[in-house]
Amino acid sequence: MLNGKRILLIVAGGIAAFKSLELIRRLRERGASVRCVVTENGARFVTPLSLQALSEDRVYSDMFSLTDESEMGHIQLSRDADLLVVAPATANLLARMAGGLADDLAATVLLATDKPVLVAPAMNVRMWTHAATMANVETLKRRGIHFIGPNEGAMACNEHGPGRMSEPEEIADAIERLLSPAQPLAGRRAVVTSGPTREAIDPVRYISNHSSGKQGHAIASALAALGAEVTLVSGPVSLADPPGVRAVHVESADQMLAACLAAGTLDIAVCAAAVADWKAAHQANAKIKKKPGAAPPALELTPNPDILATLSKPGPNRPTLVIGFAAETEDLVANAIEKRKRKGCDWILANDVSPETGTFGGERNTVHLVTASGVEDWPTLGKSEVALRLADRVVRFFGGPTRAEAAE
Ligand code: CTP
């Protein structure tokens, strides 16, 4: 996957630096070697010793250390890498990069490099949304710097919003995308639905579910990494749009279906969204008010369209490969086998979404792939790994080499 790739990881000073340790582990698991540069402030959050232990390489921090320069000058550091990754990237480091400063080893390496650079910002939401940071990001993007995240969510500073560094697995996927020359799905068009839908009752209330969109987004990302042209149709989630996909943001099931149908002729459709089965039969135009002494209002529901079944309908416009999920809490595989037939799709990924499995909103998933030829039990994997495995199966379906075969 990342066999033989050399990553230079630059760790700046932010609380998210602890995730860089996990990132090193993930990258090495995928076959990459990792060498670290840590800024002075970065070293306040993670010790160079931890970085060294996990990367099994020496850690660089001081531009003027004679040993560093004699063994490995700053130019050589970037020359010896296939990709530079800045994780976490602070507002300060982004500003220094945008301004072309070379006032420490990290900034100097970034200024001196001609290699691709991937940046994973992490900072307080106000710092991220500040006009100065936004302008710096814009400048860097124009110069071809790649960005991943930040994600939205609760932050260490007790605020909520965009600013959390992307998860190590997401960053590792993005690195793989940037470095992976294999594009066996080039020319294939895919739509992926993801996240929950939100069905309005009135302008302030809605029906929805716990889907986080992590699995669907990871699938969109994995297909795009293999060269597919992906439209991601997402319900409301707090995830950043994965790089390399065309994201369409919707709220309701009706909008999700319309966006899928508008995606044009497709080779692949993956329905990973947790679509609400019902919507309010009558959506109130104004907030429904409590009337003193009156009984609570009855909520009449009406079925939503079934997006997976609609896309699976035989006909000239049917995508060649339609894949659904079966979210079950009992009789997992039996229900999934029945669901595949009922919906008319080609494959179903069955997953247990009982609360104790932690699937909804969690990082991992245990799936069973149900096809016309049988059931395959997959081990418990990170959602990105599930996505990569599925993408590999899709490649094989279309007759191309899988990642493992391409790497041989
Ligand atoms: N799905 C869809 N549109 C719907 C309902 C579901 O596209 N209105 C898709 C989901 O994205 C998933 C598959 O159908 O790929 C199965 O979803 P699931 O919630 O497991 O099944 P349901 O069809 O809702 O059936 P049930 O609630 O009876 O299990």
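**How the ligand is held, and one hairpin**

In this predicted model, strand S17 gives the most to the shell around the ligand, with 4 residues.

User: What else supplies at least two residues of the shell around the ligand?

Analyst: Helix H13 (307–312) and helix H14 (332–343) do, alongside strand S17 (321–328).

User: What makes Ile 307 a polar contact of the ligand?

Analyst: The cut-off is 3.5 Å between N or O atoms. A backbone N or O atom of Ile 307 lies 3.0 Å from a nitrogen atom of the ligand, so the pair counts as a polar contact.

User: How do you know that Leu 308 and Lys 339 make polar contacts too?

Analyst: Run the same check against 3.5 Å. For Leu 308, a polar backbone atom is 2.8 Å from an oxygen atom of the ligand. For Lys 339, a polar side-chain atom lies 2.6 Å from an oxygen atom of the ligand. Both pairs are therefore within the limit. As for cover, the protein takes 80% of the 570 Å² of accessible area that the ligand has on its own.

User: How do the residues of the shell divide into nonpolar, polar and charged?

Analyst: You get 9 nonpolar, 1 polar and 4 charged. Cys 271 is among those that come nearest, and Cys counts as nonpolar. Lys 339 and Lys 343 are in that nearest group as well, and Lys counts as charged.

User: Why are strands S20 and S21 called paired?

Analyst: Pairing needs at least two bridges. Here 4 bridges join S20 (residues 367–371) to S21 (residues 374–377), so they qualify. The two run antiparallel, a hairpin joins them through 2 residues, and Val 370 stands opposite Val 375 in S21.

Technical notes
Residues are numbered from 1 along each chain as its sequence is written. This is a predicted model: local features need pLDDT of at least 70, side-chain atom pairs count only at pLDDT 80 or more; totals for chains, interfaces and linings use all residues. Side-chain values use heavy atoms; hydrogens and water are left out. A residue is near a molecule or strand if one of its heavy atoms lies within 4 Å of it. A polar contact is a pair of N or O atoms within 3.5 Å; within protein, one must be able to donate a hydrogen and the other to accept it, and residues adjacent in sequence count only if both atoms are side-chain atoms. Accessible areas come from the Shrake-Rupley method with a 1.4 Å probe; for residues, only the protein chains shown count as cover.
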